[in-house]
Amino acid sequence: MTVDDVLAGLFPSGHQVKVSKDGLITGSAKRKAGGNFAVIGVANGEPLGGHGVLVLADEVLKAVASGGDTPILVLVDTQGQTMSRREEMLGLYEYLAHLAKCLLLASQEGHRTIGVEYGKAAAGAFLATALATDMLIGLPGAEPAVMDLPSVARVTKLPLDRLQELAKTTPVFAPGLDHLAQTGAVAAIWDPKKPLDEQLGAAIADASPEDKRDRLGAKRKGRLMAAKVAEQVVAAATGKHAAAT
């Protein structure tokens, strides 16, 4: 699906969303069922660099500053962050962290944030956009990857064929839409044959600032220990707080 297809399906009554030459998505839209959205993201598989990060972060902060509880939709189709020495030397990782923190701030201030990945998404750009939202939705054909297996092979020094075998039985380790859904990182995979605007409405109703990914991963047998570890951490923190007071 193209960004135009996705926008038309999400907002059949029309929208005021623009896509720049370098793939930055900004604007607003109104659902047919009522309610406004702020819309940001990256389209056409373009990489996300420092300048683009600041543009998107500014849109998020404007939504927060305007008050209210306008949801923020993050559409994602990006090959990843800009891979250049200049961007790295300028601190691209800090820019990406800034965008993620802006989305977290928006969530804490009552703006539900929904990520919709309809194309590619990888590495830091994936973490700072789609994975930084309250709820990440995937559309069939999406290709999410925190790190692809050839890159994992270079980092871990393990043979690629060994990693490919591990990926078949360890979803937390493997790229791909189905694997990330099994781990709970992708909350749901929408059916493109059904109205996207109705599915968006259901997602907004179910979205929460509470991070449920560990429990989803445990339920789907993709992260068997995550929920248990999270419970232990919370219990330990609660116990220390009680002892201190």
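**Exercise 1. What percentage of the 245 residues of the protein chain count as buried?**

This is a predicted model, where local features need pLDDT of at least 70, side-chain atom pairs count only at pLDDT 80 or more, and totals for chains, interfaces and linings use all residues. Residues are numbered from 1 along each chain as its sequence is written, and side-chain values use heavy atoms, without hydrogens and water.

Step 1. Buried means under 20% relative accessible area (1.4 Å probe, protein chains only).
Step 2. By that cut-off, 43% of the 245 residues are buried.

**Exercise 2. Describe the fold and its compactness.**

Step 1. Count DSSP runs: helices (H or I) need at least four residues, strands (E) at least two. The protein chain has 11 helices and 9 strands.
Step 2. Take the radius of gyration over C-alpha atoms; the globule rule is 2.2 Å times the number of residues to the power 0.38. The radius is 18 Å, close to the rule's 18 Å for 245 residues, so the chain is as compact as a globular protein of that length.
Step 3. Along the principal axes, the C-alpha box is roughly 50 × 45 × 40 Å.

**Exercise 3. Locate the nonpolar cores.**

Step 1. Join buried Ala, Val, Leu, Ile, Met, Phe, Trp, Tyr and Cys residues through side-chain atoms within 4.5 Å.
Step 2. The largest core holds 34 residues, and Leu48 and Ile72 have the most contacts inside it.
Step 3. Elements supplying at least two residues each include strand S3 (36-45), helix H2 (50-65) and strand S4 (72-78).
Step 4. A second, separate core has 26 residues, among them Val17, Phe37, Ala43 and Ala207.

Conventions: Buried < 20%, exposed > 50% of the residue type's maximum accessible area, 1.4 Å probe, protein only.
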